[in-house]
Amino acid sequence: MSDAPVRRRFFAGTTEDDLKEFMVPFVARLGYRLNTDSGFVDAVLSSELEILAETGDVYCPCRIRTGDPKADVAIICPCIPFHLDEFAALRKCWCGLFIRTDVEDGSSLEGVIEETSGPVDVRVAAVGDLVDGQARHVKIGKRDIALVRAAGEFFALSDLCRHAFGPLSQGFMEGYHLACPWHGWRYDVRDGSTDHPDSVVRTYPVVVRDGEVFITVEV
Ligand code: SF4
Ligand code: FES
């Protein structure tokens with residue numbers, strides 16, 4: 001039986017192609033892809049291979065390791081699951097190795113950008129993606145949100161029904177009301193209110209710009 005620690009995914013002899021083979025489908029599930037600047041991607045991955053040779057794992061080239069393996073897990077590449085909110089706001093990971101899939105030219109997002117805070121607009125759809133009366137689930141960081149279109153406008157509210165956490169984005173629209181698919185509680189998508197006392201769901205500001213739909217969240 002191997003003495004190798006099971007957590008390690010990459011070992012001596014790993015190539016850039018090996019890294020890409022694992023990382024690309026992994027980050028795609030989170031809404032990211034490699035930066036469009038392949039030269040920049042090669043430079044970052046080559047740094048990661050040097051770090052792998054030195055430390056035994058693909059720690060982030062743009063973060064400082066603490067030396068505590070438990071803490072440093074959060075900066076093993078791809079570290080996106082640990083920093084969903086920050087990266088959604090930046091539209092890239094810190095280093096810029098990965099960019100959100102809706103970013104066309106990643107070269108404008110290269111290099112280390114530090115954490116941001118405050119309200120940020122996160123692109124969630126194109127205007128033509130939804131017709132009136134349609135709802136869809138979107139994920140921003142840890143937030144599950146129902147994006148809906150009603151009377152030509154877009155609205156965003158928590159996807160979790162206050163009754164028993166039914167997925168509102170799978171519900172049914174009637175005018176400005178969204179009915180939960182499980183037991184039919186109806187929410188006004190304009191303010192998240194229901195007929196049930198103390199059961200308002202959170203709403204989020206929605207901005208439409210140049211045919212794209214953005215939800216504003218605090219990070
Ligand atoms: S910031 Fe980017 S390059 Fe650095 S570990 Fe995270 S995903 Fe990898
Ligand atoms: S879970 Fe939504 S109405 Fe019951």
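How many residues of domain 1 are in contact with residues of domain 2? Keep that in mind while I get us oriented. What we have on screen is a predicted model. The domain assignment splits the protein into domain 1, residues 16–115, and domain 2, residues 121–218. Now the answer: 5 residues of domain 1 touch 6 residues of domain 2. And if you take the centres of the two domains over C-alpha atoms, they sit 31 Å apart.

Okay, let's go to helix α2, residues 38–55. Here's a little check you can do yourselves. With 18 residues at 1.5 Å a residue, α2 should span 26 Å, and its end C-alpha atoms are 25 Å apart, so the two agree. At the N-terminal end there's a cap: a side-chain oxygen of D37 lies 3.0 Å from the backbone nitrogen of G39. At the other end, just after α2, you'll find G56 with a positive phi of about 95°.

Which residues of α2 are buried? They are F40, V41, V44, L45, E48, L49, I51 and L52. And what do those buried residues pack against? Two elements: α1, residues 16–28, and β1, residues 32–34.

Moving along the chain, please look at P78. It sits in the loop between α3 (69–72) and α4 (84–90). The peptide bond leading into it, from C77 to P78, is cis, with omega near -5°.

Then there's R91, in the loop between α4 and β2 (98–100). R91 isn't a glycine, yet its phi is positive, near 65°. Is R91 buried, partly exposed or exposed? Its relative accessibility is 32%, and buried means under 20% while exposed means over 50%, so R91 counts as partly exposed.

Now for some strands. Find β5, residues 143–150. This strand is mostly covered, with 7 of its 8 residues buried. On one side, β5 pairs with β4, residues 134–140: they run antiparallel and 7 bridges join them. β5 also pairs with β6, residues 153–158, again antiparallel, over 6 bridges. You can follow a single residue through this: A146 is the bridge partner of H137 in β4, and A146 also has L157 as its bridge partner in β6.

Let's look at the turns too. The hairpin of β4 and β5 has 2 residues between the strands, and G141 there takes a positive phi near 60°. The hairpin of β5 and β6 also has 2 residues between its strands, and in that turn A151 has a positive phi of about 50°. A151 is a residue other than glycine with a positive phi. What about its surroundings? A151 is exposed, because its relative accessible area is 56%.

Last stop: an open sheet of 3 strands, in the order β3-β12-β11, with antiparallel pairing. Why is one side of β3 and of β11 left without a neighbour in the sheet? Well, β3 (119–126) and β11 (206–209) stand at the edges, each with a single partner strand, so one side of each has no neighbour in the sheet. On average, neighbouring strands here are turned by 35° against each other, ignoring direction. If you zoom in on β3 and β12, residues 212–218, you'll count 7 bridges joining them. One of the pairs to look for is D121, whose bridge partner in β12 is T216.

That's the tour, thanks everyone!

Methods. Residues numbered from 1 in each chain as written. Chains lettered and ligands numbered in written order. Predicted model: local features only at pLDDT ≥ 70, side-chain atom pairs only at ≥ 80, totals over all residues. Heavy atoms only, no water. Buried < 20%, exposed > 50% of the residue type's maximum accessible area, 1.4 Å probe, protein only. Helix = DSSP H or I, 4+ residues; strand = E, 2+ residues; numbered from the N terminus. Pairing = 2+ DSSP bridges. Expected span 1.5 Å × (residues − 1). Contact = heavy atoms within 4.5 Å. Polar contact = N/O pair within 3.5 Å; in protein donor to acceptor, adjacent residues only side chain to side chain. Axes fitted to C-alpha atoms, helices over the stretch in contact; angles between N-to-C directions. Domains from an automatic or database assignment.
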